[in-house]
Every structure is written in C-alpha cells, then in structure tokens.
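Visitor: Hi, I'm new to this one. Could you walk me through its charged side chains?
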Amino acid sequence: MGRKATVATCSLNQWALDFEGNAERILRSVEIAKARGAKYRLGPELEICGYGCADHFYESDTLLHSFQVLRTLLESPVTQDIICDVGMPIMHHNVRYNCRVLFLNRKILLIRPKMLMANQGNYREMRWFSPWNKLRQVEEYFLPRMIQEVTGQDTVPFGDCVLSTKDTCIGTEICAELWNPNSPHIQMGLDGVEIFTNSSASHHELRKADQRVNLIKSATLKSGGIYLYANQRGCDGDRVYYDGCAMVAINGDIVAQGAQFCLNDVEVITATLDLEDVRSYRGELCQPHMESEPKPCHRIKVDFSLSSGDDIYLPTHQPIQWHFHTPEEEISLGPACWLWDYLRRSGQAGFLLPLSGGVDSSSTACIVHCMCVLLCQAVEDGNGQVLKDVRRVVGDDSYSPEHPKELCGRLFTTCYMASENSSKDTCSRARDLAGQIGSTHLDINIDMAVKGVLGIFSAVTGRWPKFRAHSGSHRENLALQNVQARVRMVLAYLFAQLSLWARGKPGGLLVLGSANVDESLTGYFTKYDCSSADINPIGGISKTDLKGFLLYCAEHFQIPALRGILAAPPTAELEPLTDGQVSQTDEADMGMTYSELSAIGRLRKISKCGPFSMFCKLIHMWRDVLSPTEVARKVKHFFRMYSVNRHKMTTVTPSYHAESYSPDDNRFDLRPFLYNTGWTWQFRCIDQQVSHVSPEAPQQ
C-alpha cells in the first residue's frame with residue numbers, strides 16, 4: 001500500500017512581463033522536480049507573468065500572454081506525469097482574479113482564485129484583483145480556444161475547491177491567506193485535507209523570516225498535515241527583494257529548507273513524507289473536531305497518486321533546525337542580491353558611487369563588495385548563468401572572476417568629491433576603503449564647478465552669498481551647502497556615463513545612492529543632491545543597523561578601514577572647517593540622535609502615531625533620559641522637519657525596501673507632501689499635557 005508522497009516546491013527568480021524567461025524557469029523547475037521523483041510541483045505566486053506587473057495587470061495583453069505561456073507548459077513533455085501548480089491572472093465573468101492553475105497530462109484539473117488579498121504595506125492587490133468570496137463554491141470556467149485545442153476541455157472547475165487523488169487530498173492557499181486570522185488551511189484541515197500548498201510573493205524585511213517560518217509550523221502543529229511553501233526570489237522590477245525560503249513542513253516540523261538569499265534563478269526543494277504520519281497525528285489530536293465542519297470542501301477527483309505501491313524502503317525526510325540570518329548578514333545578502341539582479345537586467349556595465357568616507361556611503365560600498373563575494377562563490381560553485389551574466393556585464397566572453405576584490409575593480413567605480421570644506425580624514429578614509437575592497441577609485445575636486453555656478457548667479461544678481469561662519473544668513477548658508485551637493489550629483493552622472501569611455505571600455509555605470517531611512521524621515525538631505533541616484537541599496541535601512549553591518553564587514557571580510565569610519569562623527573562636510581577640523585555634524589544639524597530617530601520612525605509608521613500619540617508614548621519610553629518638556633520639544637521638532645521636507649520623498653531614489661517604518665512615498669508610505677507645518681491643534685494638545693506635569697516630577 002502506497003503511503004509515502006514525494007512533493008516539490010521552489011523559489012524562482014521571475015521578472016515582471018518576462019514571459020519567455022519566466023516560462024523557461026518554470027519548465028526547468030518541473031524538470032528538476034521530476035528528476036527527484038516528485039509527483040507534485042508547486043511554484044510562486046503569479047509566476048507566469050511575474051508578481052510585480054502592477055498596472056500592467058489591467059492590460060489584456062498580460063492575460064493573453066499568460067495563457068500563451070500556459071499553453072506552452074501544457075504542451076511540453078516536461079510537464080507530463082506530474083501535477084503542476086502554476087500562478088497567473090485570469091478573468092472570469094469579466095472580473096480579474098489572482099489564480100492557481102493545477103494541471104496534469106494536458107488536462108486542467110482546477111483553477112483556484114485567491115480569496116484573501118494582500119492589500120497593505122507594499123501590496124495593492126485590491127487595485128488589480130477581486131477576492132473570490134464564494135466560500136466552498138465552484139463554477140464553470142470557459143477556457144480560451146487556444147487552451148481548448150490542447151486540453152480538449154471546454155470548461156474546468158473554478159473556485160474554492162481541493163484535489164482528491166487516489167492516496168491523499170491537496171488544498172491550496174495563496175500568499176496572504178496564510179497570514180490571515182481565518183486562513184483556509186484551518187477549515188480544510190478539519191475536513192481532512194492532508195497537504196496544504198502556499199504559492200507566495202513575500203518580500204524581505206529585516207528580522208521578518210521567523211514570522212513566516214513560525215506561521216507555517218503553526219499551521220501544521222495545530223491540526224497536523226503537510227505544508228509546501230513556494231516563494232519568488234530576486235528583484236522582479238521594483239523596490240522589494242523576494243527572499244525565497246521555500247520549505248516543507250509536517251505536523252509542526254520543518255523537514256526541508258531552501259535558501260533565503262541566493263543567486264540561483266531556479267531552486268527546487270523536494271521532500272518525501274509519510275501520509276500515515278499525518279493521519280496518526282490527527283487521530284490523537286483532532287478526531288473529535290473533524291465532523292464539526294458544516295460544509296465540506298468541494299473535491300475534484302484525480303486518477304493519480306503521489307505515492308507508489310512499493311515504497312517501504314523509501315526514506316522520509318526528518319525534522320531540521322531552521323537557520324536564521326542575523327540582521328547584519330541579511331544586509332550583506334539581500335541588498336547585494338537585489339543589486340546584482342538590477343545590474344544584470346539593466347544592461348549597464350557596473351556601478352558608480354560618490355564615496356564620502358562616512359557610514360552611509362561606506363555601507364553602500366560594502367554591499368557592492370558583498371555582491372562580488374557572492375558572484376565569485378556562485379561561479380566557483382559552477383553556476384553557469386551567473387558566469388554568463390558576469391561576462392556580459394564586463395564585456396568579456398572569456399572572463400572568469402578570480403577574487404572578489406579583482407571583480408570589484410571591474411564592476412565598481414568610487415569617487416571622493418572634495419571641496420574646500422572637506423577634511424583630509426574623510427578623504428583618506430574613502431581612499432583606504434576603496435583600496436581594501438578593490439574598487440576603481442577617483443579623487444575629484446568640485447571647487448571649480450561650485451565657483452562656476454556661483455559665478456553665474458553673481459553675474460546676474462551682483463551678489464555673492466556667504467556661509468554662516470563668514471557672517472552670512474541662514475538662507476545663504478543653506479544655499480551654499482545645497483549647491484555643493486547638487487554639483488556632486490551632476491558630476492556623478494557625468495562620470496557614470498563617461499568614465500568607462502575614458503578608459504576605452506564600453507558601457508555606462510549605474511549611480512548608487514547612500515541616504516539611509518532615518519535621514520529620509522526628516523529630509524536631512526538636499527533634494528537632487530549626490531544621494532539622488534539610479535538606485536539606493538540602503539534607503540530602507542536605519543543608521544543603527546548600518547553601523548552594525550559595517551562592524552560585521554570589518555570582521556567577516558577583514559576590512560580594517562571600516563573601524564576608522566565607524567569611529568568618526570557623521571558629517572555632511574558642507575560648511576567651512578574650523579582649524580582644519582569638521583565643525584558640522586549630522587546629529588547636531590538634525591536636532592536628535594539616530595537612535596531617537598529610529599524610535600520616532602517606528603512610532604510614526606508601525607504604531608501609526610500622530611504628534612500627540614507619539615508624545616504620549618515617548619514620555620514613558622524616554623522617561624529615564626528626557627523630561628516631558630524635552631520629549632515635547634523633540635516631537636515637535638521632528639514633525640516640523642518631517643512636514644517641511646516631505647516633498648523630497650516624491651523624488652527620492654528608488655530604494656531597497658528593508659524596514660517596516662520606511663517613508664518611501666512611491667509605494668509603501670502614502671501621505672501628503674504639502675502640510676500645515678505649524679501642526680497647531682496637535683502641538684496645543686501636547687502643550688496642555690506638558691503643563692500638567694512638572695518637568696522635574698518623577699513619572700509613575
């Protein structure tokens with residue numbers, strides 16, 4: 001009697017609207033799954049067209065091309081004798097749904113539409129899709145003619161239903177349905193479904209992976225069962241990085257784990273599991289509850305088995321311990337993989353970074369170094385696709401990277417843009433770091449360009465602005481800082497376009513940004529300055545985490561220059577030096593520390609606090625270091641800075657999304673960019689509370 005089922009799930013590096021590449025990766029994953037003996041293959045959410053199509057989902061072309069790919073999959077001999085579970089958008093009764101299509105031997109078994117949508121944070125599924133609200137209901141779906149010609153079917157089941165094979169019962173969840181308090185697997189399990197599948201497009205955030213793993217373990221711990229999880233991997237054309245983590249669980253234990261960060265375009269995870277283990281588990285824990293389900297699942301019978309008749313000697317997968325990366329490791333891996341996907345798919349020849357010698361730009365530089373480490377390791381491990389892509393990027397069909405430092409010299413150009421306000425210390429720190437990671441480094445002096453711009457202004461107005469240190473006004477001081485920063489941006493793009501040309505090499509460079517998430521909160525950067533770039537790998541990472549990351553890089557990759565960078569006070573170096581030393585520091589300019597900014601950022605976004613609510617929470621969080629009056633002053637100062645500078649977020653460089661309090665205006669944090677910066681009503685409420693408490697009085 002067959003009782004052991006071999007199943008496969010996968011992580012695929014799909015790309016929005018890359019129908020040809022997506023189809024090839026799907027077929028490759030099926031081929032690997034079959035070679036490993038699997039009878040069921042699960043893929044990521046919307047894998048045929050790519051999850052990040054956004055408003056392209058409105059286009060009929062996206063639906064058409066998805067069906068064309070489906071036909072290719074149905075016709076392929078690779079997909080025979082295995083149940084294939086693929087994702088694509090489908091329109092039913094003129095309503096667009098996010099669906100799973102399950103097929104076997106050129107016959108579509110069922111189409112299962114998503115019932116619970118992801119519609120928060122980075123996700124806007126309700127903009128393009130409707131949820132299937134008809135619980136336990138199934139309708140007929142009329143197939144397009146191109147599919148009818150292959151399957152011989154006019155209609156197929158469409159709705160909330162499960163597959164009943166000869167040996168087990170399989171039910172589907174799609175991404176956010178796992179995270180919902182009323183997940184479908186709960187009722188499916190009570191009705192005897194033994195295998196649950198989840199096709200996902202779940203993005204990376206720092207410290208998030210354990211939530212996903214715990215949810216899957218919990219889903220099978222409570223009522224037993226086998227859970228397959230598939231996820232997209234990589235940058236499919238947007239700010240998020242999908243971080244894989246394909247896995248298989250049974251009865252509360254993980255038995256197979258895929259990588260979270262990896263340069264493989266196709267990763268297949270298989271597991272052989274004993275169905276009787278599920279039945280035994282449920283027989284003790286769940287028997288009294290199995291008959292309480294009022295409406296059973298609609299079952300689609302399939303003349304097929306996941307197990308074989310003679311499997312007594314087939315070994316099953318045993319529980320494993322999940323390895324979680326530290327936040328520092330996550331920063332070294334996630335943004336690095338995202339950068340590589342962006343670079344190889346953009347058609348450019350490398351990166352250029354204005355390297356100031358501070359924590360932020362040094363973090364960006366180290367992430368590029370981490371990317372080179374991953375590339376060299378992948379080539380050493382025999383990844384032919386990575387080697388092919390590296391050769392195409394560097395423009396040399398015979399090239400093979402020998403060392404991360406050597407590869408970094410080919411892919412990465414850094415430049416220190418000095419002005420009369422720059423110190424020798426930051427210049428040497430930038431040069432030392434570039435030398436230790438191997439980037440091609442340039443020293444550029446921008447004074448001539450700055451004076452040229454100011455000369456134009458002076459010729460028109462007859463006035464020459466002065467720094468505050470030279471008795472100039474605040475407006476003059478700010479304008480003089482901004483012109484330096486904006487000249488750096490112009491020069492960065494000039495060198496990105498022409499530096500390879502000047503060295504007799506083809507191609508251009510992508511400009512990398514280096515503004516962190518905390519500075520974006522307050523707008524502590526010049527609009528269109530040198531932090532304006534093509535992409536920014538650290539734009540969603542806090543200053544605190546970046547410091548931890550640099551310390552990790554200093555130890556793990558042996559980069560001693562980073563210790564001096566970490567020890568130096570953060571500074572923009574846009575105002576005159578005092579006796580050759582820096583007189584301007586970031587935290588003094590912002591009026592708060594980076595750790596304070598991080599706490600404020602989390603309250604603003606995650607806890608959804610306005611000025612008054614934030615004050616009420618911070619007087620307790622900071623009770624040991626600040627009085628209520630001081631807390632009120634900091635809260636008011638933050639909201640003034642935030643509202644005055646919010647307009648900058650409308651033009652901010654696209655950044656890697658890594659933090660749940662990101663202020664990214666373009667997708668994640670939708671708020672106005674023109675405020676009444678007085679916040680009169682809100683600040684009055686704070687003042688009324690402060691007046692009731694003496695600053696010296698101890699708080700209970």
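Guide: Here is a short chat about salt bridges, and please keep in mind that the model is predicted.

Visitor: How many salt bridges are there in the whole structure?
Guide: A search of the whole structure turns up 37 salt bridges.

Visitor: What does aspartate 55 pair with?
Guide: Its partner is arginine 127, and the closest N and O atoms are 2.9 Å apart. Aspartate 55 sits in the loop between strand S2 and helix H2, while arginine 127 is in helix H3, so the pair ties together parts that are 72 residues apart in sequence.

Visitor: Is aspartate 160, which meets arginine 136 in a salt bridge, buried or exposed?
Guide: Aspartate 160 is buried, with a relative accessible area of 4%. Arginine 136 is buried too, at 9%. The N to O distance in this salt bridge is 3.1 Å.

Visitor: And where do glutamate 406 and arginine 410 lie?
Guide: Both lie in helix H11, four residues apart, which is about one turn of the helix. They form a salt bridge, with 3.4 Å between the closest N and O atoms.

Visitor: Which residues are linked in a network of salt bridges?
Guide: Asp265, Asp341, Arg344, Asp389 and Arg392 are linked that way.

Visitor: New topic: what about glutamate 330, where is that?
Guide: Glutamate 330 is in helix H8, which covers residues 327-346. Glutamate 330 is buried yet has no salt bridge.

Visitor: How far away is the nearest side chain of opposite charge?
Guide: That is arginine 207, 6.3 Å from glutamate 330. Leaving aside neighbours within four places in sequence, glutamate 330 has contacts including His204, Gln260 and Phe261.

Methods:
Residues are numbered from 1 along each chain as its sequence is written. This is a predicted model: local features need pLDDT of at least 70, side-chain atom pairs count only at pLDDT 80 or more; totals for chains, interfaces and linings use all residues. Side-chain values use heavy atoms; hydrogens and water are left out. Helices (H or I, at least four residues) and strands (E, at least two) are DSSP runs, numbered from the N terminus. Buried means under 20% relative accessible area, exposed over 50%, partly exposed in between (1.4 Å probe, protein chains only). Lys and Arg count as positive and Asp and Glu as negative; His and the chain ends are not counted. A salt bridge is a side-chain nitrogen of Lys or Arg within 4 Å of a carboxyl oxygen of Asp or Glu. Contact means heavy atoms within 4.5 Å.
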